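Q: I would like to learn how to read surface patches, pockets, cavities and salt bridges in a model. Can we go through them one at a time?

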Amino acid sequence: MATPTSTLSPHERTRVEDYLNDKIQVSADFESLDSLLSSLRSQHELQRKQLAEAQEALSKATKASSDHAEATRKRAEAFNEHQADIDRRLKALTRSDASDEAAKRFEASIEKLRKLELSKGYVSLLKEAEELSKKALTSIQSSPKSAIKPYTRLRTIVQSLKEAQPAAEGAAPHLIDYVGKLASALRDHMKTDFTKRLLGTLEEMKWPSKDLYFPDNLRAQWREYVELLLDLQTPELHSRDTSKEEPLKPPILLPLEVMVHPLELRFKYHFSGDRPTNRLDKPEYFLAHLTDLLNNFGGFFASTLQPIFDEKAQAVGSDLEWNFYNASHAYITALLPILRHKITSYLPQISSHPQLLSHFVHELMNFDNEIRESWNYLPDPYTDDNWKGMTWEVLTEQGWFERWLQVEKDFALARYKEIVDAPDSGHIDYDGVDRSATKPTKAAIRVNDLLETITERYQPLSSFSQKLRFLIDIQITIFDQFHERLHSALEAYLAMTSTIGRTVQGADGTSVEGVAGLERLSRVFGSAEYLEKKMEDWSNEVFFVELWSELQERVRQNKDGGKNVAGSMSVADVASRTSQAVANGNEHGEASEGALFDETASAYRRLRLRSESIITSTLTSNMRTALKPYSRVSTWATISASLASPLPPTSDLAPTMRTLSSEISFLSRTLGIAPLRRIVRQVLLSIQTYIWNNVLTRNMFSAAGATQLISDVEHLCNVIDVALGPAAQVGSSANVLRKLNEGLTLLGLSISGPKAAENGSASQDSDQQETAPLGLWDVEKRLFKDNESARVVLGELNIETLSEAEGRSVLERRVEINS
């Protein structure tokens, strides 16, 4: 039913008016009045239903709220009643009127009760431990196998108590100590009993004699007692923690400890006190004795103990099976403490004797290699690394490396001094290398031998840092000292050959002139080249390649951390002594090409190139000095034709030929083929320039004079080829003097030629005319005509290096042309 307008509020009336004004704006809107009323009725009915539903939901919510409030009130009343009841009972129990005081007294009672329960647990645990110990002790004699189970349980209790103590803030220390001592005492008692049993069997076996008595009954006894000792030790063994990268240290298994004991007594008998076998200068005696023990009894353990190990490994599971990996390796592990004890007492006795210390470390490295190669000893079977060896323990763990390194360095430098101070150290060794190679001095060969011996000394080391220290502190140091010696020798030669040096030395100048001077230079060149090649060879050896690779890997790993690469040496320190490629690779974070001897080899290469340049300039200077008399010959235009064939060389050329013959012959015996050819080529080019500038272009030549000059050049080439010996190639000297020979071809042209042939027989064949040699006049006509004609005629004469101007200049040297 519609609500009257008068009952509406002003706001509602305004909304109604706005609605009607919006819907009825024109007269046509009255036609849709029915539909509008119908829509309003529908909306009103829908809103009425929604209102009814909301009123019903409100009623239900109000009822639920009332019910919840009533339930909460009842729970509060029940809680208060319960709290009052607790207070009454607490007061009655503690006989106190105040509830707070009563609570404190109750808590104290509860704490006493808790302590009582804890004490009961302790007593129960002590009782169990005592019972386990008594049970094991009772069973040892009658059934030793059954004593293992209660002992294992007791060990488990001890281990559990120790693991739980930190969480309990260190509680019950006396209990843990007592139970631990109880377990240790039981273990010692069981170990003593089982050891006696095994020793009795070993005596019947006649252990450790070479001829063992080992029938089946003794084998069964031995196996039983070995298994008892292994079972006794199993709770003490460590499981492998795969999260740790450090290699495991294997334990000495109890059966092996028992069996090794008589071997230890025998060792001490021979190598302690005043026995003749106990010599400080013969560490190989006791090392060889241990090797013999391995060789004599290793097979026994491999054949009899290994099956027991295999069964035990399956029984203990994957965590402990590594302790029973290899019986032979376990035997070695049991023997090594004997050696450690001997080394501990031996090293202080030889520490002040460098020769003995060096010898001992060398023998100990040989012992380590024997163990690795013969037995493939791996204390930790799960690691890929080889056994570090006893040498590593002595040098690294016991700190003897620095002392040993200093001893080896002193020995090496003393030996180096002996080498360089030897009277024949500067002599060239013609037999130490191939005939075609450059000959070094005897000192260079001996230094190389010394360095190779040093490599053999430290190559077996397992520590990368120690190997790198050996390389840098000893080998590269000796390389540097010898380089300085060679460099000083070269500087001394240059000083002696300078103007001031010649003035000071006076009459002694012959020691640096001629062959004597070349010998001085050849010593430097040959030694530098020899050691440079040796360093290149070393850089390709497996040992140094692996050392270089490991160095690169360490540099990459430490490039961000700034750590040292080896010991106290930083990347920059190592790079300055080995190769700058180390630092370059570190900067870019990637591997770099290089080798350990890059820096040292580069220094020797520079010295070799410099000495080769000085040899070339010295030989060239000697040649020019010898050619001066020849350059002053001025009779080339007046020389008459000679009937002698072949023509003898000009007398003034004899000093040059003698100089070239003696000096190149010396170099051919001293230098390798490649450097010899390089040097001789430069000398020939210098001869060519000298003769061209001082003889050919400064004098006038007759035909006979030109022939004589050609003959002289041929004699020079022949002298050089003969002096070169095996290094000579057919026509090699003449090929180098190509420009000079082409000029001599022009200079030596015959006056007769095709022009004279025209006056001959008319029946001469035209082909013969074309193949006849060109004559002086025809070449002169065509050479001076124009450049095109000059190029053609030079080509016909097979002259390729001379320009047109040079050809004309040479031809003008003929007196016939000039006149």
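A: Start at the surface. This model is predicted. A nonpolar patch groups exposed nonpolar side chains that lie within 5 Å. Here Val16, Tyr19, Leu20, Leu37 and Leu40 form such a patch, with about 370 Å² of accessible area together.

Q: Which elements give two or more residues to the nonpolar patch?
A: They are helix 1 (10–23) and helix 2 (33–94). Helix 1 holds the largest share, three residues. Leu20 is found in helix 1.

Q: Now the pocket. How much space lies in the largest pocket?
A: A pocket is an open set of grid points, whereas a probe in a cavity cannot get out. The largest pocket here has about 1500 Å³ of space. Its lining counts 43 residues. Nearest the centre are Asn386, Trp387, Lys388, Gly389 and Ser462.

Q: Which helix gives the most to that lining?
A: Helix 17 does, with six residues. Helix 9 (327–350), helix 10 (354–375), helix 11 (389–397), helix 14 (464–497) and helix 17 (542–557) each supply at least two.

Q: How does the lining of the largest pocket divide by class?
A: It has 17 nonpolar, ten polar and 16 charged residues.

Q: Where does the largest pocket lie with respect to the domains?
A: Look at which domains line it. Domain 3 (248–398) and domain 4 (403–585 + 593–605) both contribute residues, so the largest pocket lies between them.

Q: How many cavities of 30 Å³ or more does the search find?
A: Three, over the whole structure. The largest cavity has about 130 Å³ of space. It is lined by 13 residues, and Pro250, Trp322, Asn323, Ala330 and Pro379 are the closest to its centre. By class, that lining has nine nonpolar, four polar and no charged residues.

Q: What lines the second largest cavity?
A: This cavity holds about 60 Å³. Its lining includes Met365, Arg372, Lys388, Trp392 and Ser462. Helix 10 and helix 11 are the elements that give two or more residues. The lining splits into five nonpolar, four polar and three charged residues. Domain 3 and domain 4 both line the second largest cavity, so it lies between them.

Q: Last, salt bridges. How many does the structure hold?
A: A salt bridge needs a Lys or Arg side-chain nitrogen within 4 Å of an Asp or Glu carboxyl oxygen. The structure holds 41. One of them joins Glu532 and Arg605, at 3.0 Å from N to O. Glu532 lies in helix 16 (residues 514–539) and Arg605 in helix 20 (residues 598–631), so this pair ties together parts 73 residues apart in sequence.

Definitions and conventions. Residues are numbered from 1 along each chain as its sequence is written. This is a predicted model: local features need pLDDT of at least 70, side-chain atom pairs count only at pLDDT 80 or more; totals for chains, interfaces and linings use all residues. Side-chain values use heavy atoms; hydrogens and water are left out. On a 1 Å grid over the protein atoms alone, a cavity is a set of points where a 1.4 Å probe fits but cannot get out, and a pocket is an open set with protein on both sides within 12 Å along at least five of seven lines; lining residues have an atom within 4 Å of a point. Grid points are joined across faces, edges and corners, and a volume is the space filled by probe spheres set on the points. Helices (H or I, at least four residues) and strands (E, at least two) are DSSP runs, numbered from the N terminus. Ala, Val, Leu, Ile, Met, Phe, Trp, Tyr, Cys and Pro count as nonpolar, Asp, Glu, Lys and Arg as charged, and the others, Gly among them, as polar. Domain bounds come from an automatic or database domain assignment. Patches are made of residues with over 30% relative accessible area and no salt bridge: like charges are joined within 9 Å, nonpolar side chains (Val, Leu, Ile, Met, Phe, Trp, Tyr) within 5 Å. Accessible areas come from the Shrake-Rupley method with a 1.4 Å probe; for residues, only the protein chains shown count as cover.
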